[in-house]
Number of protein chains: 2
Amino acid sequence: MESVNHISDVNFRSECPVCRTLDLVGDKWTLLIMRDALFLGGKTFADFAGGNEKIPTNLLSDRLKKLVSAGLLRKHQYHDKPPRYEYLPTPLADELKPLLEAMRAFGENHLEGRIPDELLSQL
Amino acid sequence: MESVNHISDVNFRSECPVCRTLDLVGDKWTLLIMRDALFLGGKTFADFAGGNEKIPTNLLSDRLKKLVSAGLLRKHQYHDKPPRYEYLPTPLADELKPLLEAMRAFGENHLEGRIPDELLSQL
DNA sequence: CCGGATCCGGTCTGATACTG
DNA sequence: CAGTATCAGACCGGATCCGG
């Protein structure tokens, strides 16, 4: 709390780097899209929509826009006749790899297989 | 029993470890609570509620229950009359540290300053 | 068919108020 | 202090629709 103004209430979340990251990728779908793009070779809208997790297309559309404007994906038209697009990871996207790797490690080492029943009922 | 309905209703998308982790901690608040508990010394309900991010108390209550039943926190009564509780990180919680560290690193290195307004409006 | 956009019911969030 | 109750409104997710 150094010499700052008195109005610092607005956008308080952005002061903490963990918060900023969560604001960007801390929702149910965004990191799954990045996982597909970075590790599973997903590129097209259909690739992402057709994954195991069945993200609704409207949400997918929103998340792709967000990721493009955040600079994590770039939209590239690779075919003209009928227009076809692919969403390619940017160099910045690579910086998410440690995060995804940490998530994978936690899930694999500590949430292996079945989830305890008491948790299932809680979720 | 519950004041708020459940967060990610039903199914753990259990096939992918990244998904399982996201189902557990991939929401707006859970990792912030764990950050407070692991790194900022937060212990009591009031500690978490009084942080910079102003989590609503009903959500805090839900998230604490979830974290306790997931084995990441344990609820300990440290005073009897009046009853006072603290939420202490378990050994399992330590396994989240690399994840939080990865989030902090990404936010610090690549989301410096503020998130663009156009993005904030979508969050 | 592909890449979305739109519509709509239901669910969750979050501010406030309230209780022990 | 440690939560619970309430409630409007935002958001999600399923279905459907549409242009190319």
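**Buried threonines and DNA neighbours**

Biologist: Why does T44(A) count as buried?

Modeller: The relative accessibility of T44(A) is 17%, and buried means under 20% (over 50% is exposed, in between is partly exposed; 1.4 Å probe, protein chains only), so T44(A) makes the cut.

Biologist: And what am I looking at?

Modeller: It's a predicted model, where local features need pLDDT of at least 70 and side-chain atom pairs pLDDT 80 or more, while totals for chains, interfaces and linings use all residues. Residues are numbered from 1 along each chain as its sequence is written, chains are lettered from A and ligands numbered from 1 in written order, and side-chain values use heavy atoms, without hydrogens or water.

Biologist: Where is T44(A) found in chain A?

Modeller: In the loop between α2 (30-39) and α3 (45-49). Helices are DSSP runs of H or I with at least four residues, strands are E runs of at least two, and both are numbered from the N terminus. Chain A has seven helices and two strands, in the order α-α-α-α-β-β-α-α-α.

Biologist: Which residues does T44(A) touch, leaving out those up to four places away in sequence?

Modeller: Y78(A) and Y85(A), where contact means heavy atoms within 4.5 Å. The C-alpha atoms of T44(A) and Y87(A) are also 6.1 Å apart, though 43 residues separate the two along the chain. Across chain A, 46% of contacts with a separation of 6 or more link residues 24 or more positions apart.

Biologist: Over to the DNA. How many residues surround DNA strand D?

Modeller: 21, with W29(A), L59(A), T57(B), S61(B) and Y87(B) the closest. Being near takes a heavy atom within 4 Å of the strand. Of the strand D atoms within 4 Å of the protein, 63% are sugar or phosphate and the rest belong to bases.

Biologist: What makes T57(B) a polar contact with DNA strand D?

Modeller: A side-chain N or O atom of T57(B) sits 2.7 Å from a base oxygen. A polar contact is a pair of N or O atoms within 3.5 Å (within protein, one must be able to donate a hydrogen and the other to accept it, and sequence neighbours count only if both atoms are side-chain atoms), so 2.7 Å qualifies.

Biologist: How far is K65(B) from a phosphate oxygen of DNA strand D?

Modeller: 3.3 Å, from an N or O atom in its side chain, so that pair is within the limit too. For S61(B), a polar side-chain atom lies 2.6 Å from a phosphate oxygen of the strand.
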